[in-house]
Amino acid sequence: MYQIPRAEWYDLTRATNWTYSYVTEEEMFPEEMSGARGIPMEEWETYDEPYKVTYPEYVAIQREKDAGAYSVKAALERDAYVDRADPGWISTMIAHYGAIAVNEYAASLAEGRMARFAKAPGNRNMATFGTLDENRHGQIQLFFPHANIKRSRQWDWAHKAMQTNDWASIAARAFFDDIMLCRDAVAVSIMLTFGFETGFTNMQFLGLAADASEAGDHTFASLISSVQTDEARHAQQGGPSLKILIANGHKDEAQKLVDISIWRAWKLFSVLTGPIMDYYTPLEHRSQSFKEFMVEWIIIQFERQLADLGLDAPWFWEDLTNDLDVTHHGMHLGVWYWRPTVWWNPAAGAGPEEREWLEEKYPGWNKTWGKCWDVITDNLNNGREDLTLPETLPYVCNMCQLPIVGTPGNEWNVQDYPLEFEGRLYHFGSKADRWCFEQDPERYKEHQSLIDRFLSGQIQPADLPGALAYMGLGPGEMGKDAHDYAWAAAFKKQAEVA
Amino acid sequence: MAAFPINSNFQGDFVMQLVPVDTDDTMDQVAEKCAYHSVNRRVAPQPDKVMRVRLHNASDNFPRDMKVSDAGWRPTETLDIIFADQ
Ligand SMILES: [Fe+2]
Ligand SMILES: [Fe+2]
């Protein structure tokens, strides 16, 4: 049978639009869902995605990807890598699955919004594949950890985490709801696919894939690469939307959507990826520091992409660059200190050799972050574990929902950015977090942070055990030190030898 | 006498913390309550210093015997707790 060559029909089908006879354009594409911003249909029809694929091609490629990742998993299952992997690496996987797997389904809904409501036919076409991509990511990242539930209940948090009020879940939901689920199709294409996926998922997944191969975890490495190749494709939906907005006089708004998305993504990655790269991954398996990764993937590459589109670097670019020396160290120390409140076992990563590495990658680490870890290390070596566990809650930011942190020790500088709005006092961890709020207070003002919930009596009993119960953490799920304090004991041994 | 939540920013620590104080507490008692969650946990003690309370980023400290109820704070007010000579 004669088949028309792809080149002859592809452009026609991917750009197909039609004339509605039973409904108006406004009924077909409500502004709230489509977000056309007054730009006429002819303009949206110029949407030109750089990556093109047909359905048969898509299915063939995806089938191969799945077959590859699942067969690596099946082949290595007997090898029981998980039983001999470093506990820091196990924590990395458990943290990753809980934060990401179920949100892949949410991403599928976001792709669905574009597939149905985007006025650009090319966007609808791409997003249809995007919904399938994200569905696959949800399934594969639930299926792989499921095999390990027999090892620890923490693996079950791949599915459980996002159904709870754990502080990390609240933070992840607050971010993903904002950029994926509560925006119109055009904003989704910019905030989710351009802001978040081009920059940050790229980094999380490429960084993790590199660390996974280094650590010998071929199952995780193949899973991650399989996901990342989809991301690299569907992340390209935002660029053409940005071009259309800019060409039609909406540059300011395009810039704002990008800026909010980048800042919020940065904060989430500072608590998820930062600790993993600089503290959990065993020293000998680290490829780059988190800061080096961020500079390469976000500061340099992303800025270039923005410039190519005719956008500016976000106004907070300098703040972000400076925060690469601060925020994730604080997030890590916070997660470790409040370890009973997370579903994974944080690796302190603060033994003698690790601290040397940290000082080298982050000059001044010892006289700042190291000062806090000194007190913790002494307590552990003097039988005072109780002093290394929390008795109150950290104050969290009303935007990112993460602790308000800053530089400790000799260069103490921890700043709050408060705002009184309609009689309520909000606290923010940075100028940019407060700025995000100020761009659209109606969107954010009702949200209750964990602290707000605690103070309004939603958490009972109103103490730390009550908060742990509220967060859904049961026995065998609460985090503890991944290496049972061996890193602290190493200092004691050093002292004895000396 | 009533519970009153404040946001404690303790000198040398890395994070702000929710600390419940009492409207009858003096500033010295507020500092003590904040210190409980920072000193000997992540901040080394400084026994030769006193701990003073000020509004976040303010230059003046509150008088040591001033009561919370007289300080004019909003609930969850951010306070710096700093080591000082007197
Ligand atoms: Fe995905
Ligand atoms: Fe994606």
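This report describes a predicted model, covering a sheet in chain B, a helix in chain A and the cysteines.

## The sheet of chain B

Chain B contains an open sheet of four strands in the order 2-1-4-3, and the pairing within this sheet is mixed. Its edges are formed by strand 2 (17–22) and strand 3 (50–55) of chain B, each of which pairs on one side only. On average, neighbouring strands of the sheet are turned by 45 degrees against each other, direction ignored.

Strand 1 of chain B, residues 3–10, pairs with strand 2 of chain B in the antiparallel sense, and six bridges join the two. One bridge links Ser8(B) to its partner Gln17(B) in strand 2 of chain B.

## The helix across the sheet

Helix 1 of chain B, residues 27–36, lies across strand 1, strand 2, strand 3 and strand 4 (77–84) of chain B. With respect to strand 3 of chain B, helix 1 of chain B runs at about 100 degrees.

## Helix 15 of chain A

Helix 15 of chain A spans residues 290–309 and has 20 residues. From its first C-alpha to its last, helix 15 of chain A reaches 27 Å, close to the 28 Å expected at 1.5 Å a residue. The helix nevertheless has a kink of about 30 degrees, centred on Phe302(A). After helix 15 of chain A comes Gly310(A), with a positive phi near 90 degrees.

Phe302(A), the centre of the kink, is also one of the buried residues of helix 15 of chain A. The others in this buried set are Phe290(A), Phe293(A), Met294(A), Trp297(A), Ile298(A), Ile299(A), Leu306(A) and Leu309(A). The packing partners of the buried residues are helix 11 (185–214), helix 13 (238–247), helix 14 (251–280), helix 16 (317–323) and helix 17 (327–337) of chain A.

## Cysteines

A search of the whole structure finds zero disulfides over all chains. For Cys436(A), the closest cysteine sulfur is that of Cys397(A), and because the two sulfurs are 8.8 Å apart, they are too far for a bond. Cys436(A) is buried, its relative accessible area being 0%.

Cys34(B) is likewise in no disulfide, and the nearest cysteine sulfur, in Cys372(A), is 16 Å away. A disulfide requires two cysteine sulfur atoms within 2.5 Å. Cys34(B) is buried, with a relative accessible area of 0%.

Note on methods
Residues are numbered from 1 along each chain as its sequence is written. Chains are lettered from A and ligands numbered from 1 in the order in which they are written. This is a predicted model: local features need pLDDT of at least 70, side-chain atom pairs count only at pLDDT 80 or more; totals for chains, interfaces and linings use all residues. Side-chain values use heavy atoms; hydrogens and water are left out. Two strands pair if DSSP finds at least two bridges between them. Axes are lines fitted to C-alpha atoms, for helices over the stretch in contact, and angles run from 0 to 180 degrees between N-to-C directions. Contact means heavy atoms within 4.5 Å. The expected span of a helix is 1.5 Å times one less than its number of residues. The bend at a residue is the angle between axes fitted to the seven residues ending there and the seven starting there. Buried means under 20% relative accessible area, exposed over 50%, partly exposed in between (1.4 Å probe, protein chains only).
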